[in-house]
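Welcome! Please open the structure in your viewer and keep the selection tool at hand. We will go from stop to stop together.

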Amino acid sequence: MAVSAFALSTLSSSPLRVRSFKEDLQGQRVAVVGLGNSGWAAVDLALARGASVLAIDKNEQFMPLENDTQFSGNACLQTILGHCDTSLLANADRIVVSPGVSLEEFGLSTLLQSGRRVMSELDFASELLPENIKILAITGTNGKSTVTSFAGQMLHNLGIEAFVGGNFGTPLSKAAKQCLEAPTQRQPYQVAVVEVSSYQMEIPNQHFSPSVAVVLNLTPDHLERHKTMENYALVKCSLFSHMKDGRLAVLPQGNDFINDAFGKKARECNVAWIGDLPGIKVDTAAKVATFKFPSSELVTNLQLGTLKAMGTHNFINAAVAAFSVLGLDVGIDNDSIHNTIESLTLLPHRMQIVCRDAHGVTWVDDSKATNVESTLTGLMGLKEHKLVVLLGGLAKVMSGNVSNGFEKLVELLNDHRGVITFGSSGEMIYETLCDSGISIPCVRATNLEGAVNCARSMARSGDTILLSPGCASFDEFRNFEQRGQVFQKLAFSS
């Protein structure tokens with residue numbers, strides 16, 4: 001389907017247009033590229049701001065947004081699916097790009113370099129957030145959804161109105177629209193806790209300015225898009241580009257890529273470290289965290305023993321969330337944070353205990369472990385359990401393609417009951433483990449169902465069957481959520 005430039009220009013002048021609460025984009029044309037959750041929310045926000053909107057996605061199977069009840073009858077909206085004439089993008093006043101869309105698509109990189117106003121959905125939303133809303137931004141290769149969720153739960157449990165979303169859950173554009181529509185004297189949020197992916201920061205942001213920003217870690221991932229670890233780190237550290245006035249930056253200790261990138265991207269931040277002081281040190285054996293903020297001499301402790309989440313790495317996740325919330329300076333103290341620890345719950349498919357079956361076997365769904373480092377973290381957190389581990393799916397590109405990375409798991413795996421590999425990369429993973437000295441039973445299965453059947457026959461009473469694939473899910477499933485749901489269904493059928 002194609003739309004002429006003339007047709008696009010007529011959208012803004014239609015008499016059927018419905019006025020919204022604040023129409024700062026009145027008369028402007030906004031192209032939104034990518035119509036997943038973030039793109040949909042950006043379209044909704046752009047229309048609320050008074051723009052005429054061209055909604056674009058290369059997937060011809062998508063439903064045109066005009067057929068969505070949210071937008072039905074809105075003459076200011078036009079959807080293009082499949083091929084799109086790039087001249088339509090060049091003629092737009094703004095181009096808002098969803099995180100799932102690479103800059104190599106639709107000529108976006110060229111448009112950005114030519115000076116066209118190309119924006120991320122994150123930045124488009126941030127432009128509308130009231131200045132008095134404090135932003136806690138969390139990124140990293142692994143653990144960012146868990147830390148974001150923990151921080152949001154802490155704030156909610158302490159009576160702080162907080163938006164929680166971004167890269168997972170609710171897009172930031174939805175929060176921006178809620179602020180746009182709220183009465184001036186009553187904003188809906190005091191804090192926005194935003195998970196940020198590297199894809200959301202490929203386009204330089206102009207408006208996204210966190211009060212506290214966290215990079216949890218950086219390990220090889222998404223290199224098919226970022227190419228090198230140096231580029232990956234630079235994109236992650238773009239999080240700090242617009243922070244000033246001594247705002248708090250929390251960084252992983254000892255990561256040279258992050259240290260170099262932070263020096264190039266950051267300006268006037270106070271730096272705290274995950275693993276050192278000032279910052280956060282966690283004794284996972286004693287289940288206690290020690291905090292020291294860079295702007296204070298005070299050292300405090302946070303007891304983590306009441307945390308019910310599985311995996312010792314979640315003590316660190318909870319500690320980072322608590323430190324970050326305290327850093328927002330919204331009237332919360334250490335004692336108050338301590339009272340929230342017991343009530344924290346993990347998101348689905350992240351070390352989620354599914355069931356204990358009739359044979360005394362515990363089933364754990366860690367389908368969100370889509371790279372080797374995440375699986376490694378999970379194994380380290382379950383050292384006290386005897387595991388049957390399911391590895392497989394679609395392995396990700398590793399830096400330099402020297403290895404697929406699964407050899408890193410062998411030392412930890414050798415303490416457990418067995419390993420089953422599956423999916424399109426299952427044979428490759430099997431060969432890597434065997435070549436690297438795996439000493440426990442290692443079996444190949446065709447798919448997840450076959451892997452579960454093998455695991456069931458291998459496990460003994462008291463063991464744990466762990467799905468922590470170390471791979472993307474796209475060879476067999478739409479996403480990691482569907483993979484986890486299928487695993488859980490299979491577990492309950494035992």
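**Before setting off**

What you see is a predicted model. Its mean pLDDT is 91, and 94% of the residues reach 70 or more. Colour residues 1-21 separately, please: the pLDDT is below 50 there, although this stretch has 43 contacts in the model beyond near neighbours in sequence.

**Stop 1: a pair of helices, α6 and α11**

Two packed helices are described by the angle between their axes and the distance between the axes. With that in mind, select residues 144-157, which form helix α6, and residues 313-327, which form helix α11. Their axes come within 8 Å and cross at roughly 50°. At that angle, α6 is oblique to α11. The crossing of α6 past α11 is right-handed.

Now show the side chains where the two helices meet. On the α6 side, pick T146, V147, F150, A151, M154 and L155. Facing them from α11 are N314, N317, A318, V320, A321, A322 and V325. What kinds of residue make up the contact of α6 with α11? There are 10 nonpolar and 3 polar residues, and no charged ones.

**Stop 2: another pair, α16 and α17**

Next, select residues 448-458 for helix α16 and residues 480-492 for helix α17. Here the axes lie 10 Å apart and the packing angle is about 40°, so α16 and α17 are oblique to each other. This crossing, too, is right-handed.

Which residues bring α16 and α17 together? From α16, display L448, E449, V452 and R456; from α17, add R483, V486, F487 and L490. This contact of α16 with α17 has 5 nonpolar and 3 charged residues, with no polar ones.

**Stop 3: unusual backbone spots**

Most residues other than glycine have a negative phi, and most peptide bonds are trans. The next three selections show exceptions.

- Zoom in on L277 and P278: a cis peptide bond joins them, with omega about 0°. P278 sits in the loop between β11 (270-274) and β12 (279-283).
- Move to K287, in the loop between β12 and β13 (288-292). K287 is not a glycine, yet its phi is positive, at about 60°. Its relative accessible area is 34%, so K287 is partly exposed.
- Then pick D245, in the loop between α9 (229-237) and β10 (248-252). D245 also has a positive phi, near 55°, without being a glycine. With a relative accessible area of 61%, D245 is exposed.

**Stop 4: S238 and its surroundings**

Stay in the loop between α9 and β10 and select S238. Is S238 buried or exposed? Its relative accessibility is 16%, so S238 counts as buried. Apart from neighbours within four places in sequence, S238 is in contact with M201 and K265; try showing both alongside it.

Your viewer's distance tool is handy here. From S238 to P99, C-alpha to C-alpha, the distance is 15 Å, with their positions 139 residues apart in sequence.

**Last stop: T110**

Finally, draw a line from S238 to T110: their C-alpha atoms are separated by 20 Å, and they are 128 residues apart along the chain. T110 belongs to helix α4, which covers residues 108-113. T110 has a relative accessibility of 57% and therefore counts as exposed, whereas S238, where the line began, is buried.

Key. Residues are numbered from 1 along each chain as its sequence is written. This is a predicted model: local features need pLDDT of at least 70, side-chain atom pairs count only at pLDDT 80 or more; totals for chains, interfaces and linings use all residues. Side-chain values use heavy atoms; hydrogens and water are left out. pLDDT is the predictor's confidence in each residue, from 0 to 100. Contact means heavy atoms within 4.5 Å. Helices (H or I, at least four residues) and strands (E, at least two) are DSSP runs, numbered from the N terminus. Buried means under 20% relative accessible area, exposed over 50%, partly exposed in between (1.4 Å probe, protein chains only). Axes are lines fitted to C-alpha atoms, for helices over the stretch in contact, and angles run from 0 to 180 degrees between N-to-C directions. Angles under 35 degrees count as roughly parallel, over 145 as roughly antiparallel, 65 to 115 as roughly perpendicular and the rest as oblique. A crossing is left-handed if the near helix is turned anticlockwise from the far one by less than a right angle, and right-handed if clockwise. Ala, Val, Leu, Ile, Met, Phe, Trp, Tyr, Cys and Pro count as nonpolar, Asp, Glu, Lys and Arg as charged, and the others, Gly among them, as polar.
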